[in-house]
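Consider the sequence and the model shown here. The paragraphs after them go through the chains, the sheet, the contact between chains and the DNA surfaces in turn.

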2 protein chains.
Amino acid sequence: MNRLTHFEDLCRKKGLSLTVQRRVILQELLERGDHPTAEEIYEAVRERVPGLSRTTVYRVLDTLVQVGAARKLSHPDAVVRFDPNVERHHHLVCQQCGSLVDLEASAISNVSIPNTRKTGFTITDYSVSFTGICSRCRPRKSRKE
Amino acid sequence: MNRLTHFEDLCRKKGLSLTVQRRVILQELLERGDHPTAEEIYEAVRERVPGLSRTTVYRVLDTLVQVGAARKLSHPDAVVRFDPNVERHHHLVCQQCGSLVDLEASAISNVSIPNTRKTGFTITDYSVSFTGICSRCRPRKSRKE
DNA sequence: GAATTAATTGCTATTCTATATCAAATGGTG
DNA sequence: CACCATTTGATATAGAATAGCAATTAATTC
């Protein structure tokens, strides 16, 4: 089923209003392949929703996370990024420029779940962050430079 | 070799001054077992260094990351956290309260490195973030509550 | 150990990210 | 279409981080 439709069902179930803003912001998040900040979403969506306020974007994105339609990303930056992919998957993070791209879970074999009985921590999922250098940041090998 | 001494050697090699601030801030970071923000470091260290400024704490922490004496943490929050552990290790992150604790690399078996030749991304390391609920956030089972 | 020079710090102002508050607007429901 | 709860937008504000520049400090040379 369509992600947007699924979200609308979720909202009805939870008694959340189906506002234009929520629909448009989720749609934008689903359409792009990256992991935008609230500000980036705001810039991308503001012309489609007259009078849209930044505050609403922040709030809607939080709502999306709450209902499980998106996730906050872990990234060594001082800005929250959002990821519409809520399935298990992993990331390639460039140490140089901070760019972040997805890696399907199938790209690696399953990770062994550690025993955390002693600490009382209940593990429900995991995500691997592979660090390194992306193609754009890597010094070119070509002799003609 | 002592981490602090090693850092001092690194500074000499790179032509960086061995300032009181750099030494004290690194020492504080090494002594505590958590993953503090710049602000937390500032609060902890300010009485030991008269007239210390926040700006310096931010700058020194960045320097520590640059020379490889610390790392910026990936955490789904809007604040940068610093980790003095630069060896491969993993994290338990509580979805509820955001608390983050270390997990030695030996706690899990090696993760298979995916083939990223097509994308041109060169992987140098990885870190697994296990998400779930920490003991403090998990609803108690005890009937007496 | 004093003088010189380059790096670093502290101060102030400022930018950027995010949240609080509350009246106005909108969505859901009968 | 009228009602009520929810959500939004505007404004103000908090909090995190950086920029610019003068004053200070560390390293170097004599």
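What follows is a walk through a predicted model, starting with one chain and ending at the DNA.

Chain A contains four helices and five strands. Read from the N terminus, its elements follow the order α-α-α-α-β-β-β-β-β, with the helices ahead of the strands. The radius of gyration of chain A is 18 Å, well over the 15 Å that the globule rule gives for 145 residues, so chain A is more spread out than a compact globule. The C-alpha trace of chain A spans about 55 × 50 × 30 Å along its principal axes. Of the 145 residues in chain A, 28% are buried. Where contacts in chain A join residues at least 6 apart in sequence, 50% of them link residues at least 24 apart.

Strands from both chains combine in one sheet. Six strands make up this open sheet, and their order is β4(A)-β3(A)-β5(A)-β5(B)-β3(B)-β4(B), with mixed pairing. The edges are held by β4 (100-104) of chain A and β4 (100-104) of chain B; each has a single partner strand, so one side of each is left without a neighbour in the sheet. On average, neighbouring strands of the sheet are turned by 30° against each other, direction ignored.

The pairings can be followed from chain A into chain B. Strand β3 (residues 89-94) of chain A runs parallel to β5(A), and four bridges join the two. Within this pairing, A:V93 has A:T131 in β5(A) as its bridge partner. Across the chain boundary, β5(A) and strand β5 (residues 122-133) of chain B run antiparallel and are joined by eleven bridges. A:T131 appears here again, with B:D125 as its bridge partner in β5(B). A:T131 is thus bridged to A:V93 and to B:D125.

The contact between the chains takes 35 residues from chain A and 35 residues from chain B. Which element gives the most to the side of chain A that touches chain B? Strand β5 (residues 122-133) of chain A does, with twelve residues. By class, that side of chain A has 18 nonpolar, 14 polar and three charged residues.

The DNA strands come next. DNA strand C is surrounded by 25 residues, and the closest are A:L18, A:V80, B:S17, B:S53 and B:T56. At least two residues of the surface near DNA strand C come from each of α3 (38-45) and α4 (54-66) of chain A and α2 (20-31) and α4 (54-67) of chain B. The most is given by α4(B), with four residues. This surface has eleven nonpolar, eleven polar and three charged residues.

For DNA strand D, the surrounding residues again number 25, and the closest are A:S17, A:S53, A:T56, B:L18 and B:V80. Two or more residues of the surface near DNA strand D come from each of α2 (20-31) and α4 of chain A and α3 (38-45) and α4 of chain B. Here α4(A) gives the most, with four residues. By class, the surface near DNA strand D has eleven nonpolar, eleven polar and three charged residues.

Both chains therefore appear in the list of closest residues for each DNA strand: A:L18 and B:S17 are among those for DNA strand C, and A:S17 and B:L18 are among those for DNA strand D.

Notes:
Residues numbered from 1 in each chain as written. Chains lettered and ligands numbered in written order. Predicted model: local features only at pLDDT ≥ 70, side-chain atom pairs only at ≥ 80, totals over all residues. Contact = placed C-beta atoms within 7 Å. Nonpolar A, V, L, I, M, F, W, Y, C, P; charged D, E, K, R; others polar. Pairing = 2+ DSSP bridges. Near = placed C-beta within 6 Å. Axes fitted to C-alpha atoms, helices over the stretch in contact; angles between N-to-C directions. Rg over C-alpha atoms; globule rule 2.2 N^0.38 Å. Buried ≥ 20, exposed ≤ 12 C-beta atoms within 10 Å, placed from the backbone.
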